[in-house]
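Please take some time with the chain shown here before reading on, and keep the sequence beside the picture so that each residue can be found in both.

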Amino acid sequence: MPSMVFLSNPYFFAALSAALTLLMVQVLFRTLNKSHRKKYHPVAGTTFNQMLNFNMLHHYMTDLAGKYKTYRLLSPFRNEIYTAEPINVEYILKTNFENYGKGLYNYNNLKDLLGDGIFAVDGEKWREQRKLSSHEFSTKMLRNFSTLVFRKNAAKLANIVSEAATSNNPLEIQELLRKSTLDSIFQVAFGTELDSMCGSNEEGKNFADAFDTSSALTIFRYVDVFWKIKKFLNIGSEATLRKNIKILNEYIHKLITTRIQQMKAPNNDSASNREDILSRFLHVKGYDSTYLRDIILNFVIAGRDTTAGTLSWFMYMLCKYPAVQEKAAEEVKEATNTTTINTYAEFVSSLTDEALEKMNYLHAAINETLRLYPAVPWDAKFCFSDDTLPDGYNVNKGDTVAYLSYAMGRMKFIWGDDAEEFRPERWLDHNGIFHPESPFKFTAFQAGPRICLGKEFAYRQMKIFSAVLLSCFRFKLNDENKNVTYKTMITLHIDGGLEVKAFHRHWD
């Protein structure tokens, strides 16, 4: 990233390291002198260490979790506590939910991108959006509409993969999945065809690019102690972020304004009967365009980045474990009673709720992917008042407390000695029926009052897309020797994409 070239300067690091080390020592002594009667989690480093390990941040945090389970990183302004212990996770997400929220620290980091959307706020704003969103997500109308959208885009995706299989060309499957899921969630959210998958919409492409850049630069704020200065001066990464968020805002505000005009037009019954999320929010309650932008963009981020990332890691796992790929494909065939596939559009119609419900092994394989590669690798909360966690250690008002989903999936004390192995069978009982784990152990969808509203939507989309791809194609990595790892962003994506070779599947 051009705006971060200064980070490679050794003199910068030497000076910064000395200054921050001195500052951390001062903070540590102040903490010890003020709280000699309190018991705090072990210090495993400083937030400067996070900056140094930014490119492999989740490996770094996982190593520390394996050593300490719960630990502190010192920063100039607060303690940062990171936990991989389910008892602590349940406490902050459920038992003492009111004491742990987004807080001003998270809100300030996220607000330029997420605004006052549900993932950035607490209190009444959160409760209002949660209540209304919960109702809307439970409606049969939205469920049926989203299923139709997922099927249509899965068939469109299969046609593109088919062309690559026929011509024997490799596919960058992550980018294709990201475009496909963006098209899907964009239509569900805004009722508008973005069509980034086929590249026919230049505005849509610019929106998608700005979306990705904004996400990466927003998460960098958590380790960039200078971001507020750069924002004030409008330089470096913050200048780039401002430019890209401007692109997002202009495009979304145009969509919202158009829809409001449509709904105000006389004798326009079709606009008021639209099934997309934006129209339903406008129909229930009139919001100003900025608040609507925040609400809907939060859903787009949740529904696009998380699903696309999970499906990409899922494809990687299927390529690494071909036996799993074949077993899941056979299950889809049996659940849909498929003997031949004439057209992809025809096949997706067989993916009924009843058929999807029968795909226990596919569901288990997706969950196993989420265990090892959670869409949101960590989630930080703000402590509103002094507290003591279930493990007996104290937390101060103003501290951040984060649970480490990525690390938790690799902890042997949680999942057993085979924790780092990809084994879908761990999710099945002796009859092959899927059984869930505690959401405080498997934190891919959060838990407690903030548990993901779109959880069932996400599973439905992932199962529809996976069922289509597995039934129609076999996949292999284009380069078996290439190192596949993540890019440090808000959500977990494969760095540099994932190239695969697709082969037509012919059922006997």
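The paragraphs below go from the chain as a whole to some of its helix pairs, and then to two residues in loops.

This is a predicted model, and a careful reader begins by asking how confident the predictor was. The chain averages a pLDDT of 87, and 90% of the residues score at least 70. Residues 1–15 need separate attention, since pLDDT stays under 50 over that stretch, for which the model has 16 contacts beyond four places in sequence. Where pLDDT is low, the predicted coordinates should not be read in detail.

The chain holds 21 helices and 13 strands, and of its 508 residues 57% count as buried. If one takes the contacts between residues at least 6 apart in sequence, 74% of them join residues at least 24 apart.

A good pair of helices to look at is helix 8, which covers residues 173–190, and helix 14, which covers residues 289–320; they pack at an angle of about 150°, and their axes are 8 Å apart. Because angles over 145 degrees count as roughly antiparallel, helix 8 and helix 14 are described as roughly antiparallel to each other. Helix 8 passes helix 14 in a right-handed crossing. On the side of helix 8, the contact is made by Ile173, Gln174, Leu177, Arg178, Thr181, Leu182, Ile185, Ala189 and Phe190, while helix 14 brings Ile296, Phe299, Val300, Gly303, Arg304, Thr307, Ala308, Leu311, Ser312 and Met315. Sorted by class, the residues of this contact between helix 8 and helix 14 are 12 nonpolar, 5 polar and 2 charged.

Helix 14 also meets helix 11, which runs over residues 236–264; the axes of these two helices come within 10 Å and cross at roughly 110°. That angle makes helix 11 roughly perpendicular to helix 14. The residues that form the contact are Ile245, Asn249, Ile252, His253 and Ile256 of helix 11, together with Ser289, Thr290, Leu292, Arg293 and Leu297 of helix 14. In the contact of helix 11 with helix 14 there are 5 nonpolar, 4 polar and 1 charged residues.

Helix 11 has a further partner in helix 9, residues 202–220, and this pair packs at an angle of about 140° with the axes 8 Å apart. Helix 9 and helix 11 are therefore oblique to each other, and helix 9 passes helix 11 in a left-handed crossing. Among the residues that meet here are Phe207, Ala210, Phe211 and Leu217 in helix 9, and Leu241, Ile245, Leu248 and Ile252 in helix 11. The contact of helix 9 with helix 11 has 10 nonpolar, 7 polar and 3 charged residues. Ile245 and Ile252 of helix 11 can be found in the contact with helix 14 and also in the contact with helix 9.

Two loop residues deserve a closer look at their backbone. Asn234, found in the loop between helix 10 (227–233) and helix 11, has a phi near 55°, which is a positive value in a residue other than glycine. Gln446, in the loop between helix 20 (412–415) and helix 21 (455–472), has a positive phi of about 60° although it is not a glycine. Is each of these residues buried, exposed or partly exposed? Asn234 is partly exposed, with a relative accessible area of 35%, whereas Gln446 is buried, with a relative accessible area of 15%.

Notes:
Residues are numbered from 1 along each chain as its sequence is written. This is a predicted model: local features need pLDDT of at least 70, side-chain atom pairs count only at pLDDT 80 or more; totals for chains, interfaces and linings use all residues. Side-chain values use heavy atoms; hydrogens and water are left out. Axes are lines fitted to C-alpha atoms, for helices over the stretch in contact, and angles run from 0 to 180 degrees between N-to-C directions. Helices (H or I, at least four residues) and strands (E, at least two) are DSSP runs, numbered from the N terminus. Angles under 35 degrees count as roughly parallel, over 145 as roughly antiparallel, 65 to 115 as roughly perpendicular and the rest as oblique. A crossing is left-handed if the near helix is turned anticlockwise from the far one by less than a right angle, and right-handed if clockwise. Contact means heavy atoms within 4.5 Å. Ala, Val, Leu, Ile, Met, Phe, Trp, Tyr, Cys and Pro count as nonpolar, Asp, Glu, Lys and Arg as charged, and the others, Gly among them, as polar. pLDDT is the predictor's confidence in each residue, from 0 to 100. Buried means under 20% relative accessible area, exposed over 50%, partly exposed in between (1.4 Å probe, protein chains only).
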